[in-house]
Structure formats: C-alpha cells, structure tokens
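Biologist: I'm new to reading structures, so please take this one slowly. Let's start with the vocabulary.

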Amino acid sequence: MQAPVPGSPRRQRRAGKLDRPVNGRLYRMTLAGALLIVLAVSFTVTRPQPLPAPPPPAFDSRSAAALASQLATQYPDRAPGTTGADGAASWVAGRLGSYGYTVRRDRFEATVPGRGRVPLTNLVAVRRGQTARAIVITAHRDDAGTGPGADVNASGTAALLELARLYGSAPAIAGGGALQPTHTLVFVSTDGGASGSLGADHYAAGLGVKPRTLAVVNLVATGGGARPRIDFAGGAGRSPAPTLVATAMARIHDITGRSARHTGIFGQLIDLAFPLTLYDQGPFRERGIPALTLTTAKVRPPEPFGDGPETLSTFRQGQIGSSAQSVIDSIDQGLVLDTNPSSYVLVGGSRIIAGWAIETALIALTLPVLLATLDLLTRRRRPALPLEGAARAQGRRLGFWLYAVVLFWLFAGAGVWIDGEAQPLSPFSPAVGDWPLGANVLYLVLLAVGWFVARLRLAGPPPGPGEQVAAYTVALVVTLGVAAAALFTNPYTLLFVLPSLHAWLWLVQARGAGIWVRAALYAAGFVGPLLLLGSLAFRFGLGLDAPWYLTELAVVGWIPPVAVLAAGAWLAAAAQVGALAFGRYAAYPSRGERRRVGAVALARRFHLPASRAQ
C-alpha cells in the first residue's frame, strides 16, 4: 500500500469510525430509491366512475327551511337529557308519522362529559324497498344547548324530514313517476350527535346494521352560507367506497355547477393517520360501512352561539338537500359500490391516489434509517459499541414513561379527569377547555418523583464517543420499533414517526457540530407530533387546548392503549436523544458504581440525617 505523500491533504475520513459512524453512502442510495417510489406514486392516479345520474330531484328547499326554523324556534335547547331534547324527539316523530312512517324509538344511555349519564333516543323510520339492502340517511337533531342550533343541526334534521316526505306513503312526483325505491331506505334521527356522535355510534353498533347497509348519507349544517362540502374522515386508515365519493362529487356538481369542497391532500393524510371526525359518518366508517357527510361547514362545525333561524340559507338548504336526494337515487339504481382501493387520497374533485401506493412510499422512506441503523450495529470495521450500558439507560427512560402511562391510566380510571364514551368530544364541550389544575399538578408532582428516582441511575461521568454512538443507536432502535408498531396497526401513522427517524439519525453524525445545529436536528424530530397538534389547533379550531383535547381522547379510550404505549416509547427515545444532543447524557454506571435507590439514598441526596430517613 502506497504511503501518503508528506504535505498532501489528508484522505477523507471513512464512514464507520466513531467520528463519522453513519454510512452516508448507504443512506443516500436507499433514500434515492425511496424517493423514486414516492415519485411513482403520482402515476397511480385513477378516476373512479360515479354512478349514473338519476332524474331531477324534487327536494323542496322552502319546506325544509321552514321546518328547520320551526324546530330551532320551538326547541332551542335540545341538549341530551333535557326536556327540550324530549320535545324535539316527539316533534320529529310526529312529522315522520304524518308522512306514513311507523317510527321506532330506540332508547339508550350514554355518558356525556359535563352532564354525566343521560338518556338518549334515536328515531328510526323505514321505507321498505324491493331488497333488504339499505341506504341509511342520518341527521342528529340535538344541539350543544348554548344556542338555537338552527344550522347545527335543525337544518340537517329538516333535510332528513323533507327527504323522508318524498319517499313516504304519498310521495312526490319526480321524472313522471312516484319515488319508489329499489333499496330499503332507513331514516335515522340520532341523539347526542353534538356530544360526540353518540346516537350514530349506538345505531351503527346494532345487530345486523353492517351487513345490510349499502351506504350512509349523513346531513349536518345544511343551511350555512358556504359552498357544499363532503366530509369522509374516519375509518382508521380506510376510506369509503370511491364510487360513493365520486357519485357525491358528481351529483353536487350537477346541482350547483361547481365542485364540492373537501379536505386537501395533506389533511386527508393526517385524517387517515389520525381518523378524527366531528361528524356522524365516523362511527359507520370505523365499522367499515361506506359513509360520508354532506354539509356547508368546515372540518369543525359552526359555533353554536348566534346560530338562529335568521342565519339559515334557503338556497344552500336546497343545494344540499337536492344533492342528497340525487346521491340516494343514484345508489338506489341497484348498482354495487366499488370498494377498491380500500384507502386513497382524493385529488381535485374526481381523481384518487391509491392508498397502497402511499403506504408503500411511507414504508420505503423508513428503509434508509433502518439500513443505516443496522449498519451501525453490525459493521465489523467499527470498534465494538458498548450497547449494554446504552440499552440500560434507554431502559430506565422507557421505565419512567411506562410509569407515566400507567399513572395516567390510574388517574383516568379513578375519574380524576373526565368521564365519557369512547368517541371524539365536541370542541364546544366545557370539558375541552377545563384543565383541572389540582389533578394536573398532582400528576406532575408524581411524575417528578418518578423522574428523580430514574435519574439516580442516569447521572454519572461524561460518556466517551463510543458510549454516545451506542446511546443514539439504541434510541434509533426504539424509534424504529415504534415505526414497526405503526406499520402493523395503521401504516399512515408513519407520517408522525418519519421526521424523528431521519433527523435523529443524522444527530449521530453531527455530535461535534454546534449547539444550534444539534438543536435544529433534534427539533426536526418533533415535526410529526406537531403536525397532529397543529391539525387539532387550526383545522379543528382548538388552539392552545389541542394538547389537552388529545389527552382527553386518550382518557375516554378513543385513542387505543397500544397507541398510548407507542407514544410513551417514542418519548423515551426522544428523552435519550435530547440528553445526548444537549450534553446531558451520562455513561450508565457499572454494577459496582450504581447508586443505591431507597429511603437512605434519597435522604443522603437531600443531606438529611440518617436517623430521619430510617
């Protein structure tokens, strides 16, 4: 081997040494392949075909607007469990009865945050068709109890009643003939919709509902001033039948001359990863039933304050109602809804990107970090990493966050925070902005005690380069474990983990960089969780209450326990990476160097006399 010439520039340091442990070439090559897959996703765009257009609708917008005004005026407080709610139920049942329906009252109980256990009532009216397969039309009739609720949701209830009249025993004439459905039509006036889709969830969970339901059309805030919109969020990584969405988009365009509004591409990705919706299609979507909502509202329903009859738009009421009738008639023509692909992102108003392609791209983007981490663990030319001590340090941090999760569940089980059904909470509920100070302070104090006990093992001499690389590597392994859990539950949640994987990998290489570089890379790892909090804060209008709302979703059980545990593991990895990035990491002590943990050790820590500690 030729010796270097004196005075010549030094050869570039090879990857694999402790000062440059990440194999940049391997990472870049794998990332290039992943980006090619991401680019290929754009070529999977397809156009699902809508069902054929039916005859012109016969929806009477003036009649619907009059019904909405009457309901909001006579029963302005329709909150679950109130006399107004009972009166509104009787009023709706009377209307349905006058159209020739036999109305079934489905009574049940549910826990509403801030109200406790309250009785609720769903009203079910059925128009028999030639087949038992059913098209379900839903609208919740309750409100938040803080306003007349004319738009939310007297307008949706009025649209349901007008549609029920058209298909009743004395139906209107459309296209020269009576509206005789091929499929059975089920009109469901639900209760508790403004408190977390409680009535819709109760109906959707009913025996035989899923196998006999062809599609669900939900109506809410149909009298607002904005252009019609469709909402199909919910479903934990699944989308409604693309034919259903394409048909709704086409029928709205037929009625209004413009495309319906819908959530953008990025918002849809977040909704697939975190399937939160405040509308009643959610419980049906969770059970795999094709469902969507027709509305004039945004992702968040309108404010209940000032929601009086004078705010209703008869014009928009007619557009949404006519579109709903056209969608129902198109589905009723006897054609089968195509359910492939099972998930997708709607682009524009008529094209979709298949979910399998998006999932493949997300998985491909994890491969550069996976291979680079495996390279850190296995390459022989690198000095052996002291992984045992790093794993023990990471284990202490995992133990602390497991303690935090278990303590969280104990507080939730004791009812210290809120009590409610496993459904999304209304953003207008007082519980959303009610941060119980005493309970939160007690929880933080107990966390501080747990952190202090864990810290007794995590304080020690500064780590050497090998110990630092080993600690980063173990944290990356934990983060990859979180990504694996996401892959096997809902691949779209990789969206929240990918930034930390890539940013924290390069923190290993940037250990000797300035503090601002390290801080920037560390902060970049939090982009994923911040996307979720930003969605809650801005799209759902929760502002600074977004973290507390997210916590409440976990308290009531809407966020599953496995997701809470995965979040705890991610935070444990983030704690280890943060300690390394900001110079707070200490080499894990050997068995002979470990501090005693107990009353005596704690007493000595605070310089208390031994007699007082015993």
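Modeller: Contact here means heavy atoms within 4.5 Å. This is a predicted model, with residues numbered from 1 along each chain as its sequence is written; local features need pLDDT of at least 70, side-chain atom pairs count only at pLDDT 80 or more, and totals for chains, interfaces and linings use all residues. Side-chain values use heavy atoms, and hydrogens and water are left out.

Biologist: Good, now the overview. How many helices and strands does the protein have?
Modeller: Both are DSSP runs numbered from the N terminus: helices are H or I with at least four residues, strands are E with at least two. By that tally, the secondary structure comes to 22 helices and 12 strands.

Biologist: What percentage of the residues count as buried?
Modeller: Picture the C-alpha atoms in a box of roughly 95 × 70 × 40 Å along the principal axes. A residue is buried under 20% relative accessible area, exposed over 50%, and partly exposed in between (1.4 Å probe, protein chains only). Of the 614 residues, the buried share is 54%.

Biologist: And of the contacts between residues at least 6 apart in sequence, what percentage join residues at least 24 apart?
Modeller: Take one pair of residues to get a feel for sequence distance: Ala66 and Thr314 sit 248 residues apart along the chain, yet 8.9 Å separates their C-alpha atoms. For contacts between residues at least 6 apart, the share that joins residues at least 24 apart is 82%.

Biologist: Which strands are at the edges of the sheet of seven strands?
Modeller: That open sheet runs β2-β3-β7-β4-β8-β10-β9, with mixed pairing, where two strands pair if DSSP finds at least two bridges between them. Each edge strand pairs on one side only, and those strands are β2 (103-112) and β9.

Biologist: Which residue stands opposite Asp106 in β3?
Modeller: β2 pairs with strand β3 (residues 116-127) in the antiparallel sense, over 10 bridges. In that pairing, the residue opposite Asp106 is Asn122.

Biologist: What angle does the direction of α4 make with that of β4?
Modeller: α4 packs on the sheet and touches β4 (131-140), β7 and β8. Axes are lines fitted to C-alpha atoms (for helices, over the stretch in contact), and angles between N-to-C directions run from 0 to 180 degrees. For α4 and β4, the angle is about 150 degrees.

Biologist: Then which strands does helix α7 touch?
Modeller: Helix α7 (residues 242-256) packs on the sheet too, and its direction makes about 20 degrees with that of β10 (291-295). The strands that α7 touches are β8, β9 and β10.

Biologist: On to the sheet of three strands. Why is one side of β1 and of β11 left without a neighbour?
Modeller: The three strands form an open antiparallel sheet in the order β1-β12-β11. β1 (45-46) and β11 stand at the edges, so one side of each has no neighbour, because each has a single partner strand.

Biologist: At what angle to β12 does α11 run?
Modeller: β11 and strand β12 (residues 351-354) pair over four bridges in the antiparallel sense, and Val345 stands opposite Ile353 in β12. α11 lies across β11 and β12, and its angle to β12 is about 45 degrees.

Biologist: How many nonpolar, polar and charged residues are in the contact of α11 with α15?
Modeller: The axes of helix α11 (residues 355-378) and helix α15 (residues 465-489) come within 10 Å and cross at roughly 145 degrees. Among the residues in contact are Ile363 and Leu370 of α11, along with Val469 and Leu480 of α15. Ala, Val, Leu, Ile, Met, Phe, Trp, Tyr, Cys and Pro count as nonpolar, Asp, Glu, Lys and Arg as charged, and the others, Gly among them, as polar. The count is 10 nonpolar, two polar and no charged residues.

Biologist: Now some backbone quirks. Where is Asn153?
Modeller: The Val152 to Asn153 peptide bond is cis, with omega near 0 degrees. Another cis bond runs from Asn340 to Pro341, with omega near -5 degrees. As for Asn153, its place is helix α4 (residues 150-166).

Biologist: What is the relative accessible area of Ala221?
Modeller: Ala221 isn't a glycine, yet it has a positive phi of about 50 degrees. It's in the loop between β8 (213-219) and β9 (229-231). Ala221 counts as buried because its relative accessible area is 0%.
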